[in-house]
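Reader: I would like to learn how to read a model of this kind, feature by feature. Could you give me the general idea each time, and then the case at hand?

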Amino acid sequence: VSGRLEELKTTIDVGLVHQTNLLQTIAYHFEQWSHLVKKEKSIYHTLSMLSIDVTKKCLVAEGWCPVFATNKIQNVLQRATVDSSSQIGTIFHILQTKESPPTYFHTNKFTSAFQEIVDAYGIAKYQEANPGVFTIITFPFLFAVMFGDWGHGICLFLATSYFIIKEKKFSSQKLGDITEMIFGGRYVIMMMALFSIYTGLIYNEFFSVPFELFGPSAYGCRDPACRDASTAGLVKVRATYPFGVDPKWHGTRSELPFLNSLKMKMSILLGVAQMNLGIILSYFNAKFSGNELNIRLFGYLSLLIVVKWCIGSQADLYHVMIYMFLSPTDDLGENQLFFGQKFLQIVLLLAALVAVPWMLFPKPFLLKKQHEERHCGQSYALLENSLDESDEMEVRHGSSSHEEFEFSEVLVHQLIHTIEFVLGAVSNTASYLRLWALSLAHSELSSVFYDKVLLLAWGFNNIFILIIGIFVFICATVGVLLVMETLSAFLHALRLHWVEFQGKFYEGDGYKFQPFSFASLDAEDE
């Protein structure tokens with residue numbers, strides 16, 4: 001009996017060892033086998049979408065491919081025929097279709113994040129102007145206008161440099177949601193940091209502290225008695241500071257009014273420039289697609305700002321713009337910036353009055369005329385046309401060609417579009433004033449943390465209080481200025497691109513080209 005028990009025990013032990021080895025082998029190969037099954041399943045899923053030609057006994061597949069990849073696809077099909085020792089080759093034929101093709105933009109690890117910003121708004125139609133090309137520069141620049149501090153920009157650059165240096169390590173491992181989002185936009189953050197350093201040098205702010213990096217200040221004291229004065233007694237003794245804001249402006253009574261005026265006017269100039277770029281792109285979109293479009297550029301206020309800066313005038317631009325509409329024939333007096341300004345303002349005012357009905361009425365009548373011509377041309381057909389050709393024409397044009405033209409509906413639609421554009425010309429320009437507001441808020445917060453935390457702790461002459469002050473200053477700078485302010489400026493720059501810029505020309509009602517790829521399976525697994 002004992003020998004029988006020993007034999008059973010040995011058999012059970014051998015079975016357990018075999019079971020353990022088998023489970024370990026399965027566990028080792030499970031991921032690879034699972035991946036192969038997913039690949040095979042995806043192949044059969046794609047084959048299920050093919051149609052069968054019963055007469056020729058073959059499978060027919062229709063799909064999209066980039067034009068530049070046609071030769072590569074033909075070579076791969078030929079090589080597959082040879083490798084599989086097939087007696088029948090694959091026929092690759094380019095079809096002509098009226099369907100709108102998908103959109104494909106070739107991107108790399110640097111440009112892909114910027115393209116994702118645009119795609120989040122909407123996928124471009126086929127051959128529509130891609131805002132992603134301009135977004136690479138304009139997005140980080142508008143962010144930097146609101147985040148201008150070269151000290152904060154350096155901190156942001158050092159943080160994103162870590163992700164760029166370690167990108168091979170991070171790309172091969174599982175990341176958290178926030179870390180993965182930051183890693184995916186590492187090159188966007190890098191560009192934002194570089195532009196923040198640039199605008200910070202223009203604002204002359206390093207954690208709100210000015211430096212004479214490009215030479216001495218243009219201003220000096222009238223006499224030695226005002227050596228420590230920062231509010232009065234300064235006169236211009238040298239040439240203008242060569243780059244950015246003169247450091248002597250910081251700490252003076254006129255600092256806030258000066259920076260307010262500078263940043264507000266700069267915001268209007270940047271806004272008008274970007275919106276006019278959008279309108280110009282809308283013209284090229286319409287010209288390419290064959291649609292009529294009126295070009296509407298605006299920016300008289302921008303002209304006045306530039307002229308005032310160039311000649312150093314004390315003219316009140318608010319007064320000029322308000323009374324341009326209220327009393328266009330009154331004498332400008334001290335608010336005249338250049339010869340012929342009054343005549344130009346009257347011409348622009350009359351042009352604005354003419355532009356509104358010009359935007360409203362001609363387009364509905366032109367569309368009606370086009371519809372009548374198109375409908376008249378389709379009422380006749382050659383007698384020798386076969387039934388198949390007639391059916392093909394009917395499918396091609398669709399039932400919309402026989403619908404009645406609703407002139408009132410088109411007129412109301414154009415009226416809405418005209419009102420939207422006229423009001424948007426003002427509201428969108430005002431929306432760019434967020435550049436001024438956030439830039440001022442960032443500068444003032446940075447100044448408060450420096451003056452009321454760091455300098456205040458330094459004034460106690462106590463090492464313990466100084467350490468606490470430095471700790472609080474670092475936490476406030478990182479938490480508020482480098483995290484919250486970065487997110488705030490990012491979202492505001494995103495809104496300016498989606499609404500004020502892309503809204504002028506970008507329809508974004510296309511669909512993305514999604515080719516069959518095993519790499520997409522790996523992305524889904526992650």
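Reader: What share of the residues of the chain count as buried?

Author: A residue is called buried when its relative accessible area is under 20%. In this predicted model, 31% of the 526 residues of the chain meet that description. The chain exposes about 34,500 Å², and carbon and sulfur atoms supply 64% of that area.

Reader: How many helices and strands does the chain have, and what share of its contacts join residues at least 24 apart?

Author: The chain has 18 helices and 4 strands. Among contacts between residues at least 6 apart in sequence, 73% join residues that are at least 24 apart.

Reader: How should I read a single helix, and what span is expected for helix 5?

Author: The step of reasoning here is that the expected span is 1.5 Å times one less than the number of residues. Helix 5 runs over residues 150–165, and its 16 residues reach 22 Å from the first C-alpha to the last, close to the 22 Å expected. At the start of helix 5, a side-chain oxygen of Asp149 comes to within 2.9 Å of the backbone nitrogen of Gly151.

Reader: Which residues of helix 5 are buried, and what covers them?

Author: A general point helps first: an α-helix has 3.6 residues a turn, so residues three or four places apart point the same way. In helix 5 the buried residues are Trp150, Gly151, His152, Gly153, Leu156, Thr160, Ser161, Phe163 and Ile164. Their cover includes helix 4 (132–146), helix 6 (167–171), helix 7 (177–184), helix 8 (186–203), helix 16 (434–458) and helix 17 (463–501).

Reader: What does the same reading give for helix 16, in span and in buried residues?

Author: Its 25 residues should span 36 Å at 1.5 Å a residue, and the end C-alpha atoms of helix 16 are 34 Å apart, which agrees. The buried residues of helix 16 are Arg434, Leu435, Leu438, Ser439, Leu440, His442, Ser443, Ser446, Phe449, Val453, Leu454 and Ala457.

Reader: Is Ser443 buried or exposed, and which residues does Ser443 touch?

Author: With a relative accessible area of 6%, Ser443 is buried. When residues up to four places away in sequence are not counted, Ser443 touches Glu205, Ser208 and Lys263. Further along helix 16 lies Val453, whose contacts, leaving aside neighbours within four places in sequence, are Val448, Gly469, Val472 and Phe473. The C-alpha atoms of Val453 and Phe473 are separated by 6.2 Å, although these residues are 20 apart along the chain.

Reader: Which residues touch the most other members of the largest nonpolar core?

Author: In soluble globular proteins, nonpolar side chains tend to be buried together. The largest nonpolar core here has 37 residues, of which Phe139, Phe143, Met146, Val188, Tyr432 and Leu435 touch the most other members. At least two residues of this core come from each of helix 3 (112–121), helix 4, helix 5, helix 8, helix 9 (255–289), helix 16 and helix 17. Helix 8 supplies the largest share of this core, 8 residues. A second, separate core of 7 residues includes Phe207, Phe449, Phe473 and Leu481.

Reader: With which residues is Met146 in contact, leaving aside its neighbours within four places in sequence?

Author: Met146 is in contact with Arg434, Leu435, Leu438, Ser439, His442, Ala489, His492 and Ala493.

Reader: How many salt bridges does the structure hold, and which residues are linked in a network of them?

Author: A salt bridge is read from a side-chain nitrogen of Lys or Arg within 4 Å of a carboxyl oxygen of Asp or Glu. The structure holds 6 salt bridges, and a network of them links Lys109, Glu167 and Arg186. Between Lys109 and Glu167 the closest N and O atoms are 2.7 Å apart; this pair links distant parts of the chain, with Lys109 in the loop between helix 2 (70–83) and helix 3, and Glu167 in helix 6, 58 residues apart. The side chains of Arg186 and Glu167 meet at 3.0 Å, N to O. Arg186 lies in helix 8 and Glu167 in helix 6, so this pair ties together parts that are 19 residues apart in sequence.

Reader: Are the members of this network buried or exposed?

Author: Both Arg186 and Glu167 are buried, whereas Lys109, with a relative accessible area of 49%, is partly exposed.

Key. Residues are numbered from 1 along each chain as its sequence is written. This is a predicted model: local features need pLDDT of at least 70, side-chain atom pairs count only at pLDDT 80 or more; totals for chains, interfaces and linings use all residues. Side-chain values use heavy atoms; hydrogens and water are left out. Buried means under 20% relative accessible area, exposed over 50%, partly exposed in between (1.4 Å probe, protein chains only). Contact means heavy atoms within 4.5 Å. A polar contact is a pair of N or O atoms within 3.5 Å; within protein, one must be able to donate a hydrogen and the other to accept it, and residues adjacent in sequence count only if both atoms are side-chain atoms. A nonpolar core is a set of buried Ala, Val, Leu, Ile, Met, Phe, Trp, Tyr and Cys residues joined through side-chain atoms within 4.5 Å. Accessible areas come from the Shrake-Rupley method with a 1.4 Å probe; for residues, only the protein chains shown count as cover.
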